[in-house]
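Trainee: Could you show me how to read pockets, cavities and ligand contacts in a model?

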Amino acid sequence: MLGYQFGLVGYPIGHSLSPWIHQQFLEQYKMDGTYELFEITPKDNFSQKLSNLKESGVNGFNVTVPYKETVLNFLDKIDESAEQIGAVNTIHCENGKWVGYNTDGIGFVRSLEYEYPELTQRKSSQILIIGAGGAAKGIYHGLMRHGYTNITIANRTLKKAVLITENDQSVLNLEEAADQLSSFDVIIQTTSVGMKPNIDQTVLSLQGLNSYTIVCDIVYQPLLTKFLQEAKLQGASIHFGHTMLLFQAQAAFEIWTKKNPDMTELASRLQLLLEG
Ligand code: ATR
């Protein structure tokens with residue numbers, strides 16, 4: 001019998017770390033399987049490419065930029081949380097039917113609670129999400145699902161934040177957020193600001209931050225972003241972006257195989273890989 005067939009649909013995906021991560025999971029369970037890159041370019045016929053994939057007998061695959069929304073039209077069923085987020089990053093193929101899930105936000109929350117388990121007892125922590133794009137939306141719903149009740153979104157364009165929270169009490173512009181930093185226990189940076197090559201940029205200044213605050217950045221290239229460097233200078237705890245990548249993959253692998261890979265050493269091994 002052939003082993004598991006997994007993969008990734010997106011464009012461009014040549015530098016994706018997902019094949020490495022899923023290979024580690026397969027090896028952990030000594031499972032026979034592959035995780036391939038199914039790159040679909042904007043010039044390709046997306047629908048045709050997906051039909052080919054269905055015929056190939058793939059067991060499950062991840063979906064990344066720019067297809068997380070487009071792929072909704074090709075599913076037989078959508079999990080409730082993916083529906084709420086309006087985007088899918090994981091598809092499970094069961095008896096010829098495709099079911100869509102979104103593990104991005106849940107992956108972030110798992111990574112955060114793994115590193116800071118005390119948060120699981122503090123669901124009323126004051127949380128600030130910076131940014132209101134797809135990543136922010138997934139994380140917002142992931143936190144809500146895990147029972148966190150006090151979540152504020154700060155964004156340059158206020159109305160995009162309101163679209164996520166569905167109320168204008170829990171949103172701030174970036175200046176207001178910078179002024180109120182000391183009232184947050186957890187701050188999550190979800191914009192692409194600070195990503196290579198713009199490593200000297202930060203979305204807002206962290207002056208005035210409390211040292212008990214946990215500061216997260218979902219950017220992982222570089223791992224220690226300027227934002228995280230500033231947080232460290234203020235004495236705060238930090239949380240690296242590559243862990244979200246690992247835990248969203250863990251949640252996908254669990255959907256496909258019902259196995260829950262051990263993450264003990266993977267974060268430091270991925271860190272070494274990223275640091276070259
Ligand atoms: P993704 O889907 O990966 O989260 P996105 O949808 O492009 O990415 O969202 C990017 C987020 O980063 C948005 O919240 C964007 O702010 P706007 O809604 O005002 O556009 C934010 N962002 C990007 N560049 C920014 C910058 N230079 N300063 C502040 N916010 C920025």
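Mentor: Happily, and we will go through the pockets, the ligand, the cavity and then a few backbone features. Keep in mind that this is a predicted model.

Trainee: How does one find empty space in a structure to begin with?

Mentor: Rolling a probe the size of a water molecule over the atoms shows where empty space is left. In this model, the largest pocket holds about 1,600 Å³ of space. Its lining counts 50 residues, and those closest to the centre of the pocket are Thr64, Val65, Lys68, Ala135 and Ile218.

Trainee: Which helices and strands each supply at least two residues of that lining?

Mentor: Look for strand 3 (60-63), helix 5 (134-145) and helix 9 (242-257). Helix 5 gives the largest share of the lining of the largest pocket, with four residues.

Trainee: And how do the residues of the lining of the largest pocket divide by class?

Mentor: There are 23 nonpolar, 21 polar and six charged residues in the lining of the largest pocket.

Trainee: Where does the ligand sit?

Mentor: You will find the ligand in the largest pocket. Around the ligand there are 13 residues, and the ones that come nearest are Ala132, Asn155, Arg156, Thr157 and Lys160. By class, the shell around the ligand has five nonpolar, six polar and two charged residues.

Trainee: Which polar contacts should I look at around the ligand?

Mentor: A pair of N or O atoms counts as a polar contact when the two are within 3.5 Å. Start with Thr157, where a polar side-chain atom is 2.4 Å from an oxygen atom of the ligand. Then turn to Asn155: an N or O atom in the side chain of Asn155 lies 2.8 Å from a ligand oxygen atom. At Gly134 the backbone takes part, with a polar backbone atom 3.0 Å from an oxygen atom of the ligand.

Trainee: How much of the ligand does the protein bury?

Mentor: The protein buries 62% of the 640 Å² that the ligand exposes when taken alone.

Trainee: What is the volume of the second largest pocket?

Mentor: The second largest pocket has about 180 Å³. Its lining is made up of Asp79, Ser81, Tyr101, Asn102, Thr103, Ile106, Arg110, Ala251, Glu254 and Ile255. Helix 4 (104-115) and helix 9 are the elements that give two or more residues to this lining. The largest share, three residues, comes from helix 9, which also supplies at least two residues of the lining of the largest pocket. By class, the lining of the second largest pocket has four nonpolar, three polar and three charged residues.

Trainee: A pocket is open, so what about closed space: how many cavities of 30 Å³ or more does a search of the whole structure find?

Mentor: A cavity is a set of points where the probe fits but cannot get out. The search of the whole structure finds one cavity of 30 Å³ or more, and the largest cavity holds about 30 Å³ of space. Lining the largest cavity are Ser81, Ile85, Asn102, Ile106, His141, Gly142 and Arg145. Two nonpolar, four polar and one charged residues make up that lining.

Trainee: Which element gives the largest share of the lining of the largest cavity?

Mentor: That is helix 5, with three residues. Helix 3 (80-85) and helix 5 each supply at least two residues there.

Trainee: What should I look for in the backbone?

Mentor: Check omega for cis peptide bonds, and phi for positive values. The bond that joins Val65 and Pro66 is cis, with omega about 5°. Pro66 belongs to the loop between strand 3 and strand 4 (77-78), and Val65 is one of the residues closest to the centre of the largest pocket. A cis peptide bond also runs from Lys196 to Pro197, with omega near 5°; Pro197 is in the loop between strand 10 (186-189) and strand 11 (214-217).

Trainee: And which phi value deserves a look?

Mentor: Go to Lys30, a residue other than glycine with a positive phi, near 50°. Lys30 is found in the loop between helix 1 (18-28) and strand 2 (33-39).

Notes: Residues numbered from 1 in each chain as written. Predicted model: local features only at pLDDT ≥ 70, side-chain atom pairs only at ≥ 80, totals over all residues. Heavy atoms only, no water. Near = heavy atom within 4 Å. Polar contact = N/O pair within 3.5 Å; in protein donor to acceptor, adjacent residues only side chain to side chain. Areas by Shrake-Rupley, 256 points an atom, 1.4 Å probe, with all protein chains shown as cover. 1 Å grid on protein atoms, 1.4 Å probe; cavity = no way out; pocket = protein on both sides within 12 Å on 5 of 7 lines; lining within 4 Å. Sits in = over half its atoms within 2 Å of the grid points. Nonpolar A, V, L, I, M, F, W, Y, C, P; charged D, E, K, R; others polar. Points joined across faces, edges and corners; volume = space filled by probe spheres on them.
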